[in-house]
Amino acid sequence: MIFEIADWVFDVNIPATMEYSAHVGKDQCSCGYCRNFVQTINDAYPQLRTFLEQFGMRSSAPEEMLPIE
């Protein structure tokens, strides 16, 4: 599926992404960054959640979160 957001054009295989995303999180990282992200994404980052879900990604099960300082 090809779609545009602002000036960006994305070509995403949504069914494949959803299939992969369905399995991510079974062995979810338990570090503080990942736990905090999962606990706060709905309240603190509703637009990010919506953005990720357009790609077929589950925002509640990140594969890995890393701080950028």
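pLDDT is the predictor's confidence in each residue, on a scale from 0 to 100. The structure above is a predicted model, and the exercises below start from that score.

**Exercise 1. Confidence**

Task: Find the average pLDDT of the protein, and state which element has the lowest mean and which the highest.

Solution.
Step 1. The average pLDDT over the protein is 81.
Step 2. A score of at least 70 is reached by 81% of the residues.
Step 3. Among the elements, helix H2 has the lowest mean pLDDT, 82, and strand S2 has the highest, 93.
Step 4. A caution applies to the remaining residues: where pLDDT is low, the predicted coordinates should not be read in detail.

**Exercise 2. Order of the elements**

Task: Count the helices and strands and give their order along the chain.

Solution.
Step 1. There are three helices and two strands.
Step 2. Starting at the N terminus, the order is β-β-α-α-α.
Step 3. H2 covers residues 32-44 and H3 covers residues 46-54.

**Exercise 3. The hairpin**

Task: Describe how S1 and S2 pair and what is unusual about the phi of Ala6.

Solution.
Step 1. S1 spans residues 2-5 and S2 spans residues 8-11; the two strands pair in the antiparallel sense, over four bridges.
Step 2. One of these bridges can be located by its residues: Ile2 has Asp11 in S2 as its bridge partner.
Step 3. Two residues separate the strands, which form a hairpin. Ala6 lies in the loop between S1 and S2.
Step 4. The phi of Ala6 is positive, about 55 degrees, although Ala6 is not a glycine. Most residues other than glycine have a negative phi.
Step 5. The relative accessibility of Ala6 is 70%. The cut-off for exposed is over 50%, so Ala6 counts as exposed.

**Exercise 4. The salt bridge**

Task: Find which residues form the salt bridge, and decide whether each is buried, partly exposed or exposed.

Solution.
Step 1. The structure holds one salt bridge.
Step 2. Its partners are Arg49 and Glu53, with 3.2 Å between the closest N and O atoms. The cut-off is 4 Å, so the pair qualifies.
Step 3. Both residues belong to helix H3 and are four residues apart, which is about one turn of the helix.
Step 4. Arg49 has a relative accessibility of 32%, and Glu53 has a relative accessible area of 40%. Buried means under 20% and exposed means over 50%, so Arg49 is partly exposed and so is Glu53.

**Exercise 5. Surface and interior**

Task: Name the residues of the nonpolar surface patch, and state what share of the protein is buried.

Solution.
Step 1. Tyr45, Leu48 and Phe51 make a nonpolar surface patch of about 250 Å².
Step 2. Tyr45 sits in the loop between H2 and H3. Its relative accessible area is 43%, so Tyr45 is partly exposed.
Step 3. For the whole protein, the accessible surface is about 5,400 Å², and 56% of that belongs to carbon and sulfur atoms.
Step 4. Of the 69 residues, 22% are buried.

**Exercise 6. Far in sequence**

Task: Give the distance in space between Arg35 and Ser60, and the share of contacts made by residues 24 or more positions apart.

Solution.
Step 1. Arg35 lies in helix H2 and is partly exposed, at 44% relative accessible area.
Step 2. Arg35 and Ser60 are 25 residues apart in sequence, and their C-alpha atoms are 9.8 Å apart in space.
Step 3. Of the contacts with a separation of 6 or more, 60% are between residues 24 or more positions apart.

How values were computed. Residues numbered from 1 in each chain as written. Predicted model: local features only at pLDDT ≥ 70, side-chain atom pairs only at ≥ 80, totals over all residues. Heavy atoms only, no water. Pairing = 2+ DSSP bridges. Patch = residues over 30% accessible without salt bridge, like charges linked within 9 Å, V, L, I, M, F, W, Y side chains within 5 Å. Areas by Shrake-Rupley, 256 points an atom, 1.4 Å probe, with all protein chains shown as cover. Salt bridge = Lys/Arg side-chain N within 4 Å of Asp/Glu carboxyl O. Buried < 20%, exposed > 50% of the residue type's maximum accessible area, 1.4 Å probe, protein only. Contact = heavy atoms within 4.5 Å.
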